[in-house]
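Work through the exercises below with the sequence and the model side by side. Try each task before reading its solution.

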Amino acid sequence: MKKALVLCLLLFLLFSSANAQTQGVGIGISTYSLNISGSILDYYVTTVRILNPSDYEISAKIYFECKDCTREVRLFGKKIAETTIDYKSIFTLDKDDLKIPPRAYGEEAPPVKVTFSPKFITKNYLRVYTPEAINFFIRIINKKYENSFVIPYYSLFIGERRIQGLIVASVYASSFGSLGVTPSVGTNVEVNAKGMPLSSFLILLCLLALIIVYIVKRIKSRGKKKSR
Amino acid sequence: MDEKYLLLAISSLFFILIAVTTISLGQQEYRSIMNASIQQPICIQLSGNYSEGVFFTNTTTIGVQYPITNMLVLNNATGNYYGPSYGTTYSIQACSGNTINIKVAHCACENLKCSSGDCAIGVDQLYVSYEADGGVGWANGTTATFNIHAPPDTSYYFPDTDVYQIIAGNVSPGDSVFMRYWIDPRPNNAPSGVYNTTFNIRAVEIAQNIGTCSC
């Protein structure tokens, strides 16, 4: 009787744990927040590591998701365009795709270098929204045209620029098998970059103007001397 | 003669400089380094069933996927009651190595689109957001056997596609969030077939913005 009871208990324990929570995939980043401040002549490198708490190898995409890189351009209150700064003009991530071994914490976790090095000239994109009346004609030539076009342009980095967003590590494949749900984690990034001060830029402009005026005057005076 | 004096003056100045430097360095005899290495990780781990995906079945089956036949009621996800004591097998754990509390959000990349069957592939769809005739809903709890068996209200349905919705606002290190999902298929006259979408989970520190869902 006792043996039967013990057997029943063992069987119950076995079946009750049959559907117990098995471990799936996971991901992590070694820091939850990054704050970087500096100016155009600075060069800082910091490293974040991509962690893997699971027993499976994972492949992850690493990217920066910018919150305030895009600003609206409005004319009489109507949005006509958007300007987007390419964050890579301020800082870069050295990797965008990583394989992370199982149980990777600390030194075993692969590093991603975040290099802060603001450039004198920043890359930007201007997205111009065209009115529907014009879109009709453009679609005659290009059927896939939606309602905007993008022009890349470069500009001097004047003043201060704050960039906020997330460095995201997102799992897209794993030795676990087919993934129905993809986990990701985000590290908050706040970058304050100082470009050339506006006053310095104005002085530079004045100097350039003076030099040009001087050169023009010299050329003119030489011309007069020759004519005499 | 003048050159000699000049050379003497320069060499004297040089030696005075060396002496002053040596004295000042001598005063900073105990120079040491201050160094700190800080690691405040953010990390999550999904349960096995959750990693596989959320598969909807009918109202009565547990653990196995069967076609949904009743379009007017909430139909279970296979893992809703598949754990011990009819607990859910969908969970997200904040790693015990975390030093901060996290918030967790989920996002459906698209409505469930027809992938095979009698429905028009890529055209027919089941909406995830709530309307009077249904949607995809969820409920959360702190234990696997939490006592909620339907979405508590309309805010526990996906708000739309490509939008992160917070499913747990404050998860301490080592703690888990347990989830259950239901589908009340919308529209009710959706043609027979298999409908799929992809699904994301994201975690950030509680004070941070969850970001945008880009699939």
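The exercises cover the interface, strand pairing and unusual backbone angles.

This is a predicted model: local features need pLDDT of at least 70, side-chain atom pairs count only at pLDDT 80 or more, and totals for chains, interfaces and linings use all residues. Residues are numbered from 1 along each chain as its sequence is written, while chains are lettered from A and ligands numbered from 1 in the order in which they are written.

**Exercise 1. The interface**

Task: Find how many residues of chain A are in contact with chain B, and which strand of chain A gives the most.

Solution:
- Step 1. Apply the contact rule: the C-beta atoms of two residues, placed from the backbone, lie within 7 Å.
- Step 2. By this rule, 36 residues of chain A are in contact with 35 residues of chain B.
- Step 3. Locate the strands, which are DSSP runs of E with at least two residues, numbered from the N terminus. On chain A, β1 (23–29), β12 (160–174) and β13 (181–194) each supply at least two residues to the side touching chain B.
- Step 4. β13(A) gives the most, with eight residues.
- Step 5. Sort that side of chain A by type: 15 nonpolar, 19 polar and two charged. Here Ala, Val, Leu, Ile, Met, Phe, Trp, Tyr, Cys and Pro count as nonpolar, Asp, Glu, Lys and Arg as charged, and the others, Gly among them, as polar.

**Exercise 2. Strand pairing**

Task: Say whether β13(A) runs parallel or antiparallel to β11 of chain B, and do likewise for β7(B) and β9(B).

Solution:
- Step 1. Strands pair if DSSP finds at least two bridges between them.
- Step 2. Five bridges join β13(A) to β11(B) (residues 199–205), and the two run parallel. V185(A) has A203(B) as its bridge partner.
- Step 3. β7(B) (residues 135–141) and β9(B) (residues 176–184) are antiparallel, with seven bridges. G135(B) faces D184(B) across this pairing.
- Step 4. Check burial: six of the seven residues of β7(B) are buried. Buried means 20 or more other C-beta atoms within 10 Å of the residue's own, exposed means 12 or fewer, and partly exposed lies in between; C-beta atoms are placed from the backbone.

**Exercise 3. Backbone outliers**

Task: Where does F76(A) lie, and is it buried or exposed? Repeat for Y86(B), then find the place of P187(B).

Solution:
- Step 1. Recall that most residues other than glycine have a negative phi, and most peptide bonds are trans.
- Step 2. F76(A) has a positive phi, near 50°. It lies in the loop between β5 (70–75) and β6 (78–85) of chain A. F76(A) counts as exposed because it has 5 C-beta neighbours inside 10 Å.
- Step 3. Y86(B) also has a positive phi, about 60°. Its loop runs between β2 (75–76) and β3 (90–94) of chain B. With 12 other C-beta atoms within 10 Å, Y86(B) is exposed.
- Step 4. The peptide bond from R186(B) to P187(B) is cis, with omega near 5°. P187(B) sits in the loop between β9 and β10 (193–196) of chain B.

How values were computed
Helix = DSSP H or I, 4+ residues; strand = E, 2+ residues; numbered from the N terminus.
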